[in-house]
Amino acid sequence: MDDNLTLKALSRLLLYPEAALQDAAPHLAEALTEEGRLDAPTRLGLMPLLRSLAGEDLYDLQEAYVSLFDRTRRLSLHLFEHVHGESRDRGQAMVDLAALYAQGGLAIDANELPDFLPLFLEFLATRPEAEAQALLADVDHILATLEERLTERGSLYAAVLTAVRHLAGAEAEAPDTSATAPAPHTEDLAALDLNALDKEWEETAVTFGPGDAASCGVDRFRTQLRAAQRDVRHPAPQPAA
């Protein structure tokens with residue numbers, strides 16, 4: 001079974017920028033084109049990010065990456081941050097996901113958590129296409145939320161989430177107009193205090209009842225992700241202080 005080079009390339013694009021990633025950017029563009037898993041509009045949507053990675057100052061790229069993904073929980077690339085927060089269920093979910101990796105023969109670096117999205121995509125790149133699509137569908141509610149928030153910020157990384165969702169067969173969604181408060185304009189988001197963004201995202205952690213003892217960890221992992229779909233897209237409002 002050949003690896004899915006498109007998923008591998010998308011995984012790389014979500015990593016912290018290093019000199020090696022800058023050097024590899026042209027090759028990633030070639031792989032995305034040659035494998036042909038993405039349609040032309042989706043593939044072209046990735047080109048601005050690839051050009052940015054290849055041509056901009058590395059320090060600036062790294063600073064922008066940290067500001068985007070590491071300083072607010074709303075844009076965390078750790079999947080379970082958006083499902084479990086700091087609840088105890090997150091630890092069990094990590095164990096279940098690590099077990100899924102082990103079953104597939106993927107050894108995890110001790111320095112990385114199992115729910116890191118680039119690692120998840122790296123694993124899926126080694127799985128049969130139907131299995132990879134099913135697992136991507138299980139986390140689509142998280143991917144869609146990240147895509148929406150990155151788009152609101154005008155981030156080039158939004159195109160990566162669009163491409164991942166395309167591989168899962170996700171349909172483009174109409175804007176959600178059910179929220180009581182309008183989303184901030186892109187130009188306003190950059191000026192928001194990061195602590196305020198974190199405070200907005202804090203919520204009661206999603207909790208789940210005890211799983212069926214006969215079910216395996218992988219089944220529990222997938223069931224929990226599906227059960228959390230509404231909570232990820234529409235966090236419960238917090239009571240006034």
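## Overall layout

Among contacts in the chain with a separation of 6 or more, 71% come from residues 24 or more positions apart, where a contact means heavy atoms within 4.5 Å. Keep in mind that this is a predicted model, with pLDDT of at least 70 needed for local features and 80 or more for side-chain atom pairs, while totals for chains, interfaces and linings use all residues. Residues are numbered from 1 along each chain as its sequence is written, and side-chain values use heavy atoms, with hydrogens and water left out.

The chain has 13 helices and 0 strands, so the element string is just α repeated from the N terminus on: α-α-α-α-α-α-α-α-α-α-α-α-α. Both kinds of element are DSSP runs numbered from the N terminus: helices are H or I with at least four residues, strands E with at least two. As for burial, 43% of the 241 residues count as buried. Here buried is under 20% relative accessible area, exposed is over 50%, and partly exposed is in between, using a 1.4 Å probe and protein chains only.

## Helix α6 and its partner α7

Two packed helices are described by the angle between their axes and the distance between the axes. For α6 (residues 117–124) and α7 (residues 129–138), the angle is about 155° and the axes are 10 Å apart. That makes α6 roughly antiparallel to α7. The axes are lines fitted to C-alpha atoms, for helices over the stretch in contact, and the angles run from 0 to 180 degrees between N-to-C directions. Under 35 degrees counts as roughly parallel, over 145 as roughly antiparallel, 65 to 115 as roughly perpendicular, and the rest as oblique.

On the α6 side, F120, L121, F123 and L124 do the touching, and they meet A132, L135 and L136 of α7. By class, that contact comes out as 7 nonpolar, no polar and no charged residues. The classes work like this: Ala, Val, Leu, Ile, Met, Phe, Trp, Tyr, Cys and Pro are nonpolar, Asp, Glu, Lys and Arg are charged, and the others, Gly among them, are polar. Helix α6 is largely enclosed by the rest of the structure, because 8 of its 8 residues are buried. The buried set is L117, P118, L119, F120, L121, E122, F123 and L124.

## Helices α3 and α9

Helix α3 (residues 40–55) packs on helix α9 (residues 158–167) at an angle of about 155°, with the axes 9 Å apart. These two are therefore roughly antiparallel to each other. Their crossing is left-handed, meaning the near helix is turned anticlockwise from the far one by less than a right angle (clockwise would be right-handed). From α3 the contact takes T42, G45, L46 and L49, and from α9 it takes A159, V160, A163 and H166. This one divides into 5 nonpolar, 3 polar and no charged residues.

A163, in α9, counts as buried at 0% relative accessibility. Leaving out residues up to four places away in sequence, A163 touches L10, L38, T42 and L46. Its C-alpha lies 9.7 Å from that of P41, a residue 122 positions away in sequence. L167 is also found in α9 and is buried, with 11% relative accessibility. Neighbours within four places aside, L167 is in contact with T6, L7, L10, R37, L38, Q133 and L136. Between L167 and Q133, 34 residues apart along the chain, the C-alpha separation is 7.0 Å.

## Aromatic pairs

The structure holds 5 aromatic pairs. Rings of Phe, Tyr and Trp (its six-membered ring) pair if their centres lie within 6.5 Å, with planes under 30 degrees apart counting as stacked, over 60 as edge-to-face and the rest as tilted. F69 and Y157 have ring centres 5.1 Å apart and planes at 80°, so they are edge-to-face. F69 sits in helix α4 (residues 58–70) and Y157 in the loop between α8 (140–152) and α9, so the pair ties together parts that are 88 residues apart in sequence.

Both F69 and Y157 are buried. Ring pairs also link Y16, Y65, F69 and Y157 into a cluster.

## Two residues of α8

L146 lies in α8 and counts as buried at 2% relative accessibility. Apart from residues up to four places away in sequence, L146 touches R74, L75, S76, H82 and L161. L146 and L75 are 71 residues apart in sequence, yet 6.2 Å apart C-alpha to C-alpha.

D140 is in α8 too, and at 16% relative accessibility D140 counts as buried. The C-alpha atoms of D140 and L161 are 9.7 Å apart, with their positions 21 residues apart along the chain.
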